[in-house]
Amino acid sequence: MSERSLEQERAKHALEAVNSIRGKSWAGKFRSYVERLPPAIVMNGLGQAMAGELAAAGRAEEMSDDKKAHNKLYELVAGWIRTRRIYSAEENLMKAIVDGDQKQYVLAQAEALAYLEWLKKFSQAFLEKDKEA
């Protein structure tokens, strides 16, 4: 088995994620939120942007299409950062950000932005644009 580059790993994870979302009623909303998240991270930082996604996702018992899209986006970015082992694998992303050091935070933010480039490209390529967004 050949070894993949980090870029290939990001692309693979993002493509599998987008393929799992294709056909869902909230796919267009997901695409819109993916397009908006990188600028939010650059302007506000990873912690604020991800806390915003988490807040928009709301609680599990009230899952509208809008909330499902935000929740999936949060899970994918948090999952990718967990995969990169920047923080302890057992911690949830928000706790890890709050408890981690600045070096970890900068690395996690850079990794999130690199991953989101792939997720955004594949979302634009394979998911219909949301007519309401």
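Helices α2 and α6 are roughly antiparallel to each other, because their angle falls in the class over 145 degrees (under 35 counts as roughly parallel, 65 to 115 as roughly perpendicular and the rest as oblique). The model is a predicted one, in which local features need pLDDT of at least 70 and side-chain atom pairs count only at pLDDT 80 or more, while totals for chains, interfaces and linings use all residues. Residues are numbered from 1 along each chain as its sequence is written, and side-chain values use heavy atoms, with hydrogens and water left out.

Two packed helices are described by the angle between their axes and the distance between the axes. For α2 (residues 27-44) and α6 (residues 102-126), the axes cross at roughly 150 degrees and come within 9 Å. Here axes are lines fitted to C-alpha atoms, for helices over the stretch in contact, with angles running from 0 to 180 degrees between N-to-C directions; helices are DSSP runs (H or I, at least four residues; strands are E, at least two) numbered from the N terminus. The crossing of α2 past α6 is left-handed, a label for a near helix turned anticlockwise from the far one by less than a right angle, with clockwise giving right-handed. On the α2 side, Phe30, Arg31, Val34, Glu35, Leu37, Pro38, Ile41 and Val42 meet Gln109, Ala112, Leu113, Leu116, Leu119, Lys120, Ser123 and Gln124 of α6, contact meaning heavy atoms within 4.5 Å. By class, the residues of this α2 and α6 contact are ten nonpolar, three polar and three charged (Ala, Val, Leu, Ile, Met, Phe, Trp, Tyr, Cys and Pro are nonpolar, Asp, Glu, Lys and Arg charged, and the others, Gly among them, polar).

Two α6 residues fill in the picture. Leucine 116, in helix α6, is buried at 0% relative accessibility (buried is under 20% relative accessible area, exposed over 50%, partly exposed in between, with a 1.4 Å probe and protein chains only). Not counting residues up to four places away in sequence, leucine 116 touches Val34, Leu37, Pro38, Ile41, Leu73 and Val77. Its C-alpha atom is separated by 11 Å from that of histidine 13, 103 residues apart along the chain. Serine 123 also lies in α6 and is buried, at 1% relative accessible area. With neighbours within four places set aside, serine 123 is in contact with Val18, Phe30, Arg31 and Val34.

Helix α2 also packs against α3, at an angle of about 135 degrees and with the axes 7 Å apart; the pair is therefore oblique. Leu37, Ala40, Ile41 and Asn44 of α2 meet Leu46, Gln48, Ala49, Met50 and Glu53 of α3. This contact has six nonpolar, two polar and one charged residues.

The largest nonpolar core (buried Ala, Val, Leu, Ile, Met, Phe, Trp, Tyr and Cys residues joined through side-chain atoms within 4.5 Å) has 36 residues, and Phe30, Leu73, Ile81 and Leu119 have the most contacts inside it. Two or more residues come from each of α1 (6-21), α2, α3 (46-57), α4 (65-83), α5 (93-99) and α6, with α4 giving the largest share, eight residues. Beyond four places in sequence, isoleucine 81 touches Leu46, Ile86, Tyr87, Leu93, Ala108 and Ala112.

Arginine 22 sits in the loop between α1 and α2 and is partly exposed, at 44% relative accessible area. Arginine 22 touches Phe126 and Leu127, residues up to four places away not being counted; its C-alpha is 7.3 Å from that of phenylalanine 126, although the two are 104 residues apart in sequence.
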